[in-house]
Structures are given as C-alpha cells and as structure tokens.
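This report covers one helix pair, some backbone details and the surroundings of a few chosen residues. The sequence and structure come next.

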Amino acid sequence: MASQTTKLLFRQLFEKESSTYTYLLAHVCHPQKPAILIDPVDKTVDRDLSLIKELGLKLIYALNTHVHADHVTGTALIKTKDPEVKSVISKASGAKADVLVQPGDKLYFGDLFLEVRATPGHTQGCITYVTGDGLGQPQPRVAFTGDALLVRGCGRTDFQGGSSSQLHKSVHSQIFTLPKDTLIYPAHDYKGFSVSTVEEEMLYNPRLTKDEETFKNIMESLNLPYPKMMDKAVPANLVCGYQETTSEAC
C-alpha cells in the first residue's frame, strides 16, 4: 500500500477456508504503537496475535465490518487472551460488542483514525471503515469495504436483510464518492485479487457499473447456494463470536 506517511503500519492477512482478509493497522510512531484488527477470524487468532506481539504493537480494537455468515469472528477469542481489547461492530447490525458505531463515528488509534460509513445491502448492518482525511493521515485514503464492495464484485443480497437496491445506493453514495485513488480492501477474495481502487471499480466492476435496475436483475439471478457456515456463524457473531453459550456478551 503506497503512502506518503510512515506512521501507518499495514498488513493484509488471509484465512483460506473462508477466503477472508483480516487487516492489521497500527500507528507505529506513537509511543504505545496502538493497533486495530479488522475482520479477524477465529481460526487465525493465534497467528494474528503472534504477529502483533512480534511487531511490538498494542491491540486496542478488534473490528467487524458486519455479522459474517461464512466464518466465526475472532473477537471473542481475542478478548479471552487480551481482555483490554474492545470489540467493535455497527449498531445497525443488532450484534453485541463493546463499541457500537454509527455513521460518522471515528475510531482513533494514536493520532490516526478510521471513519465509519454505513454501506448496508449485503446485510442491514454493513459498514465501511475509511482511513482519515486530513493532515497527518495516510494518503491515498484506504477503504475497508467488507462484503459491500469486492474487487470486481460485491456481496450477495439474498439473506440477513439484504437488498440489491440498498447495496447499489450504498456503494455509489458512500464508496464511489471517495477520491478515485482510494484503495479498496475487501473482506473476501475468491479470484486472486488483493486490492483495487475506487476508480477501477467505477470503471470495471461488472455489477456495480450497471444502473440500479440492471444490478437488481443480476443479483436476483445469481442462484447462490445456502452458506454452509451460516447457521453456526451468524448466531455466534451476533454475540461477538462466543460459541459455547449465547448468553455471553462482549
């Protein structure tokens, strides 16, 4: 990731079974080297925490872009290993977490921050985290789009309160309005892509370059199979990833 500042440490991590990207960001010039982890997966928590320790970082937030249906979030496991870490998800998701964010909120790690943008459509509670705009913030900006916008694709809209019309509006109003050189880092990849830009997706995304009605027709004709992890993942992710009992809270 190109940047005009050396303040931001960035790592893109991958969990192959669910094809999920987890992102580690840290303000390395800050005395405490505060860090955040976006979309952690339960199966790779030990790997992620080991990397954080090796790099001498202090993890303060574990963020989710939405209530995932294809894997169990790693936030609960992270919190059992480091109780000081706070879990984060959108208030609109209906899920439990230490911090429930809303559009316009800012999550600070040191002097750097992520801005919260509502991008529902894949699920009702989907959000996109965007690096800050202003003096001392990384350039170009970076958008962590979850399943709302994938590289040359997007998340399905046929469950968890999904809406093709809403997703089309979300992407065009909240992501495609960002500077064209904004880097796009999605929650998943199934074709070998790791990053894109706003400009690329506005030009080449085979779904979201279409008008709303055409997009709705495309999404309605996908006929995708029922997610094999959904019945396990969604209930667990609604309570921060705790699987043994749904009575636990973050």
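Helix 3 (residues 164-175) and helix 5 (residues 212-220) pack at an angle of about 130°. Their axes lie 9 Å apart. The model is a predicted one. How are helix 3 and helix 5 oriented to each other? An angle of about 130° falls outside 65 to 115 and is not over 145, and the two helices are therefore oblique to each other. The crossing of helix 3 past helix 5 is right-handed.

Which residues make this contact? From helix 3 come S164, S165, L167, H168 and K169. From helix 5 come E212, F215, K216 and M219. By type, the contact residues divide into three nonpolar, three polar and three charged.

**The annotated domain**

The UniProt record, an unreviewed entry, places the feature "domain: Metallo-beta-lactamase" at residues 19-188. Over that range the chain is 17% helix and 31% strand. The C-alpha atoms at the two ends of the range are 6 Å apart.

**Backbone details**

Where is the cis peptide bond at P140 placed? The bond runs from Q139 to P140, with omega near -5°. P140 sits in the loop between strand 9 (127-131) and strand 10 (142-146).

Two residues deserve a look for their phi angles. Q160 is not a glycine, yet its phi is positive, about 55°. Q160 belongs to the loop between strand 10 and helix 3. C240 also has a positive phi, near 75°, in a residue other than glycine. C240 lies in the segment after helix 6 (230-237). Is C240 buried or exposed? Its relative accessible area is 4%. The cut-off for buried is under 20%, so C240 is buried.

**Strands 9 and 10**

Y129 is in strand 9. At 0% relative accessibility, Y129 counts as buried. Y129 and R117 are 12 residues apart in sequence, and their C-alpha atoms are 6.3 Å apart in space.

T145 is in strand 10. T145 has 1% relative accessibility and counts as buried. What does T145 touch, not counting residues up to four places away in sequence? The partners are T128, I175, I184, Y185 and P186. Of these, T128 falls within the residue range of strand 9 (127-131), and I175 falls within that of helix 3 (164-175).

**Strand 1, strand 12 and helix 4**

Q12 is in strand 1 (residues 8-15). Is Q12 buried or partly exposed? At 28% relative accessibility, Q12 counts as partly exposed. Leaving aside neighbours within four places in sequence, Q12 is in contact with Y21, T22, Y23, Y185 and S194. Y185 is also one of the residues that T145 touches.

S196 is in strand 12 (residues 196-197). At 2% relative accessibility, S196 counts as buried. Leaving aside neighbours within four places in sequence, S196 is in contact with V151, R152, T182, L183, I184 and E201. I184 is among the residues touched by T145 as well.

Y204 is in helix 4 (residues 198-204). Not counting residues up to four places away in sequence, Y204 touches R152 and T209. R152 is also one of the contacts of S196.

**Separations in sequence and in space**

The table sets out C-alpha distances for four residue pairs.

| Pair | Apart in sequence | C-alpha to C-alpha |
|---|---|---|
| Y129 and R117 | 12 residues | 6.3 Å |
| Y204 and V151 | 53 residues | 9.4 Å |
| Q12 and T177 | 165 residues | 24 Å |
| S196 and E213 | 17 residues | 25 Å |

How far apart in space are S196 and E213? Their C-alpha atoms are separated by 25 Å, with their positions 17 residues apart in sequence. For Y204 and V151 the spacing is 53 residues in sequence and 9.4 Å in space. V151 is itself among the contacts of S196.

Notes: Residues are numbered from 1 along each chain as its sequence is written. This is a predicted model: local features need pLDDT of at least 70, side-chain atom pairs count only at pLDDT 80 or more; totals for chains, interfaces and linings use all residues. Side-chain values use heavy atoms; hydrogens and water are left out. Axes are lines fitted to C-alpha atoms, for helices over the stretch in contact, and angles run from 0 to 180 degrees between N-to-C directions. Helices (H or I, at least four residues) and strands (E, at least two) are DSSP runs, numbered from the N terminus. Angles under 35 degrees count as roughly parallel, over 145 as roughly antiparallel, 65 to 115 as roughly perpendicular and the rest as oblique. A crossing is left-handed if the near helix is turned anticlockwise from the far one by less than a right angle, and right-handed if clockwise. Contact means heavy atoms within 4.5 Å. Ala, Val, Leu, Ile, Met, Phe, Trp, Tyr, Cys and Pro count as nonpolar, Asp, Glu, Lys and Arg as charged, and the others, Gly among them, as polar. Buried means under 20% relative accessible area, exposed over 50%, partly exposed in between (1.4 Å probe, protein chains only). UniProt positions are given in the numbering used here, feature names are shortened, and annotations may be inferred rather than shown by experiment.
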